[in-house]
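Me: Please take a close look at the charged side chains that pair up in this protein, and walk me slowly through where they sit and what surrounds them. I am in my first year, so I would like one connected explanation.

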Amino acid sequence: MAYDIHQVINMSQEELDQLFSSGEVGEIPDGEARGTAIIAPGTPYNYAIAQVINFFAWQGKIFDAKTSTLKNEISPFGFRAIIAKVYKDDSWFDHKPCIVLDYSETSTVAQRVRDEIRKVADKQYLGKVYWGNKHLIDFFLQF
């Protein structure tokens with residue numbers, strides 16, 4: 001089942017957690033994915049916050065499966081920066097396999113950031129962002 005961004009953006013944190021847990025690890029993606037930050041799940045402000053972030057800060061991720069890396073698309077100008085290593089490992093959330101986006105060795109700015117993603121539908125991934133070992137936000141990727 002494919003998800004409409006409005007479905008995902010209106011989910012509560014509990015629903016996002018359930019969707020992430022039910023996702024599959026899948027293959028490391030390849031290509032450009034539009035991203036939506038999910039900062040305030042279950043609130044009426046979530047969509048507005050996501051739109052502001054999408055315009056001013058983060059638009060998505062560009063994966064290169066051959067090199068197991070990615071770059072984030074950031075700023076209103078769509079700069080491609082903030083590189084991460086991409087590999088499969090167990091999730092910090094539920095200890096099941098996921099795809100890890102690891103910035104610890106590739107970025108000074110995001111050195112403490114770890115993202116985890118799982119495929120929730122064809123060409124759609126749900127992700128969790130950690131700062132250190134603390135869960136901060138979720139995000140949705142559409143290829």
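Reply: A good place to begin is E32, which counts as partly exposed because its relative accessibility is 48%, a value between the limits of 20% for buried and 50% for exposed. Please keep in mind that this is a predicted model. E32 has a partner, R80, and the two form a salt bridge in which the closest N and O atoms are 2.7 Å apart. Since R80 belongs to strand β4 and E32 to strand β1, the pair ties together parts that are 48 residues apart in sequence. R80, with a relative accessibility of 46%, is also classed as partly exposed. In total, the model has 9 salt bridges, and two others are worth following.

The next one joins the side chains of R118 and D94, with 2.7 Å from N to O. Here too distant parts of the chain are linked, for R118 is in strand β6 while D94 is in the loop between β4 and β5, 24 residues away. R118 is buried, because its relative accessible area is 1%, which is under the 20% limit. The loop that holds D94 also holds S91, and S91 is buried as well, at 1% relative accessibility. The side chain of S91 makes a polar contact of 2.5 Å with that of E116. If we leave aside neighbours within four places in sequence, S91 touches F20, K96, C98, R114, E116 and R118, and R118 is the residue that we have just met in the salt bridge with D94.

The third pair is K128 and D138, whose side chains meet in a salt bridge of 2.8 Å, N to O. K128 lies in strand β7 and D138 in strand β8, so this bridge ties together parts that are 10 residues apart in sequence. K128 counts as buried, since its relative accessibility is 0%, and D138 is likewise buried, with a relative accessible area of 0%. The pair does not stand alone, because a salt bridge network links D17, K128 and D138.

The strands that carry these charges also take part in the nonpolar interior. The largest nonpolar core has 17 residues, and among those with the most contacts inside it are F63, L70, L101, Y103 and F139. Elements that give two or more residues to this core include β1, β4, β6, β7 and β8. Y103, taken without its neighbours within four places in sequence, is in contact with residues that include K61, L70, I83 and D115. I83 itself is in strand β4, the strand of R80, and is partly exposed, with a relative accessible area of 36%. Among the contacts of I83, again leaving aside neighbours within four places in sequence, are L70, K71 and Y103. The C-alpha atoms of I83 and D102 are 8.7 Å apart, although 19 residues separate the two along the chain. Apart from the largest core lies another, of 14 residues, with L16, I38, V120 and A121 among them.

For contrast, consider a nonpolar group on the surface, where V52, F55 and F56 form a patch with about 330 Å² of accessible area together. F56 belongs to helix α3, which covers residues 46-56, and its relative accessibility of 51% makes it count as exposed, because the limit is over 50%.

Technical notes: Residues numbered from 1 in each chain as written. Predicted model: local features only at pLDDT ≥ 70, side-chain atom pairs only at ≥ 80, totals over all residues. Heavy atoms only, no water. Patch = residues over 30% accessible without salt bridge, like charges linked within 9 Å, V, L, I, M, F, W, Y side chains within 5 Å. Areas by Shrake-Rupley, 256 points an atom, 1.4 Å probe, with all protein chains shown as cover. Salt bridge = Lys/Arg side-chain N within 4 Å of Asp/Glu carboxyl O. Helix = DSSP H or I, 4+ residues; strand = E, 2+ residues; numbered from the N terminus. Buried < 20%, exposed > 50% of the residue type's maximum accessible area, 1.4 Å probe, protein only. Core = buried A, V, L, I, M, F, W, Y, C linked by side-chain atoms within 4.5 Å. Contact = heavy atoms within 4.5 Å. Polar contact = N/O pair within 3.5 Å; in protein donor to acceptor, adjacent residues only side chain to side chain.
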